[in-house]
Amino acid sequence: MTTEFWNGNRAAAEAARQARVQVVAAYPITPQTHTVEYLSEYVAAGRLDARLVRVESEHSALSACCGASAVGARTFTASCSQGLQLMSEVLYFASGMRFPIVMAIANRTLSVPVSIWADHQDTLVNRDCGWIQLYAASVQEVYDLVLMAFRTAEDPRVHLPAMVAYDGFILSHASEPVEALPDEEIRALLPPEPPHLRPLLDPNDPKQFGEVLFPDFYPDIEYKKHRALEESLEVMGEAFEDFHSRTGRRLSPVETHGCEDAEIVLVGLGSMMQTARHAATRLRAEGTKVGVAQVRVYRPFPDRDLVEAVGGARTVLVLDRDIGYGSAGMVYPDVTRALYHAPSRPDVLNFIVGTGGKDITPKTIERCVELGRHGYRGMSVFWPDARGPAEGIAYTPGVKA
Amino acid sequence: MTRIETAPPPTIALREIRLVGRGGQGVVTAGELLGEAALLDGQYAQSIPAFGPERRGALATCVVRLADGEILLRCSAGAPDVLVVIDPTIWKLPPALLGLKPDATLLFNTTRPPGELPKRPQGRVGAIDATGIALAHLGRPIPNTAMLGAFAGATGLVRMESLEEVFRRRFPGKADGNIAAARAASEAILWA
């Protein structure tokens, strides 16, 4: 293993190179563009034997990936924000036809107002398109999760596409030490020619797929797709175990820090959960027992892991770097749904933080904990970053207690 | 990446360095070079650039954090211990000076006398003609590597040998000029 000083885009590109991707089709968009630029450099330098398909839009990029995946190629793309939205239609084709495409996403907010900075709006509005969704909290995780995404997506028990999301700029452009594996190790982790990646499209064995399905059979296919995504959690667990034995790095669907005896547990996605860990250390030193649960696998949603992580905490604070307009943050309903059935049934409050790249500092986290500690019932969704009414804090009322 | 084992690595608590310049001056590159050099020293490093959709000539900043162990902070705001201003025209710009620690060391690429420069109450302020040094050693007004040399000389937070090794890796064939510029700058700091 070597220690490199990589940014998130470089880590994603290196992992894709080491996975020996055969086809890459992508369209540039800030802050993802470097990922594909790095891959084109590798191809030009002879470090990667892949076909780079230049396309005129993201819709075409993912369509090209679908075609490549249909002939059995290991396929990779990258996008975010408006680009991901333009792909939206094809996202469902990829999962419906069960193509194990892997996509790196340098999270960026959706327009308008125009912003190039990070939040999770772009991937979260696409959470229900049948793709596996993984969220990285560090550059190391970007690298690790791209590898795990290929491994899980291509497993014959899963056969679904996977997105690896990492915060734009905060991770995509930030450099930090990354423990990289040697190429041979990746060859063992991701077999060169998985037998199940045999071509679906074969001139000698013509068949149709992605066809019309009448109502009688539709629910069967939907159920199978849904179950395959649910069951991918177990397959991913096996991949995480294998990865741990090879690298010593332990990955889990929900990573917990200090949750065992916590009174308040912070739950959320991405890099802000590391800042939350930083803040939690100080809060603990001051006597507030705070735990942090970083949801790394978001689709399928790891209900059981989350319930275990929260344990006996009386208050759960869900940090959403997004907003489901007219409802709450988008991670919040997943957490409340899982915890409704938990033995402890904690209070669950929601905080909308860091949208449009607003800096999430330890102070932001401390503010959330301060508000959460008082357990304002009937004020379930807080906006600590927004300019609020008289008392200085913006919130939406939620259900009155 | 092989570490340079010439002396024990400096042991430091979390230190924050803010690099400020304009798009095109190598601010982001400077952050990467500094982080990589610290890594060679055996420290943990993180480099987070911040710039907008505007390009060449616009304000570009980069936060570099150094520590003995893993850094969990993922924000760009902080309380810098050191400010390195790479562009000679932005020495008065308020955003560059926001949030600095009261004892922060300030290093400016400027030909102004150091007494005219902004200063923190308990901190030092140094002036370096990094653009002049870059022109002399590189033939181009790219002052980022010279300012890194000044940073190493002024703070000791990164070793000059590590910077030089990173220049050799990053600029094969062109490292010598950058090394000479960095060394010259480290000895050309005028303190207020």
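**Exercise 1. Determine whether Leu160(A) is buried or exposed, and identify its surroundings.**

Step 1. The classification rests on a neighbour count: a residue is buried if 20 or more other C-beta atoms lie within 10 Å of its own, exposed if 12 or fewer, and partly exposed in between, with C-beta atoms placed from the backbone. Leu160(A) has 26 other C-beta atoms within 10 Å and is therefore buried. The model is predicted: local features need pLDDT of at least 70 and side-chain atom pairs count only at pLDDT 80 or more, whereas totals for chains, interfaces and linings use all residues. Residues are numbered from 1 along each chain as its sequence is written, and chains are lettered from A and ligands numbered from 1 in the order in which they are written.

Step 2. Leu160(A) sits in the loop between α6 and β7 (162-167) of chain A. Helices (H or I, at least four residues) and strands (E, at least two) are DSSP runs, numbered from the N terminus.

Step 3. Two residues are in contact if their C-beta atoms, placed from the backbone, lie within 7 Å. Beyond its neighbours within four places in sequence, Leu160(A) has contacts that include Arg98(A), Trp131(A), Ile132(A), Ala228(A) and Ser232(A). The C-alpha atoms of Leu160(A) and Ile132(A) are separated by 7.1 Å, although the two residues are 28 apart along the chain.

**Exercise 2. Describe the geometry and burial of α8(A).**

Step 1. The expected span of a helix is 1.5 Å times one less than its number of residues. For the 30 residues of α8(A) this gives 44 Å; the end C-alpha atoms are 42 Å apart, so the two values agree.

Step 2. At Ser232(A), α8(A) bends by about 30°; the bend is the angle between axes fitted to the seven residues ending there and the seven starting there.

Step 3. Ser232(A) is also one of the buried residues of α8(A), among them Ala228(A), Leu233(A), Met236(A) and Phe240(A). Their cover includes β6, α6 (139-153) and β12 (297-299) of chain A.

Step 4. Gly248(A) follows α8(A) and has a positive phi, near 80°.

**Exercise 3. Analyse the contact between the two domains of chain A.**

Step 1. Domain 1 covers 2-247 and domain 2 covers 254-396 in chain A; such bounds come from an automatic or database domain assignment. Taken over C-alpha atoms, the domain centres are 28 Å apart.

Step 2. The contact draws 24 residues from domain 1 of chain A and 20 residues from domain 2 of chain A. On the domain 1 side, the elements giving two or more residues are α5 (121-124), β6 (132-135) and α8 (218-247) of chain A. Of these, α8(A) gives the most, with five residues.

Step 3. The domain 1 side comprises 13 nonpolar, seven polar and four charged residues. Here Ala, Val, Leu, Ile, Met, Phe, Trp, Tyr, Cys and Pro count as nonpolar, Asp, Glu, Lys and Arg as charged, and the others, Gly among them, as polar.

**Exercise 4. Characterise the side of chain A that touches chain B.**

Step 1. The contact takes 20 residues from chain A and 18 residues from chain B.

Step 2. On the chain A side, β1 (2-7), β8 (175-180) and α9 (272-285) each give two or more residues. The largest share, five residues, comes from α9(A).

Step 3. This side of chain A divides into seven nonpolar, nine polar and four charged residues.

**Exercise 5. Locate the cis peptide bonds and the positive phi values of Arg98(A) and Arg345(A).**

Step 1. Most residues other than glycine have a negative phi, and most peptide bonds are trans.

Step 2. A cis bond with omega of about -10° joins Ser111(A) and Val112(A), and Val112(A) is in the loop between β5 (102-107) and α5 of chain A. Another, with omega of about 0°, joins Arg299(A) and Pro300(A); Pro300(A) is in the loop between β12 and α10 (303-310) of chain A.

Step 3. Arg98(A) has a positive phi near 60° and lies in the loop between α4 (81-96) and β5 of chain A. Its 18 C-beta neighbours inside 10 Å make Arg98(A) partly exposed.

Step 4. Arg345(A) has a positive phi near 40° and occupies the loop between α11 (331-340) and β14 (347-352) of chain A. With 10 C-beta neighbours inside 10 Å, Arg345(A) counts as exposed.
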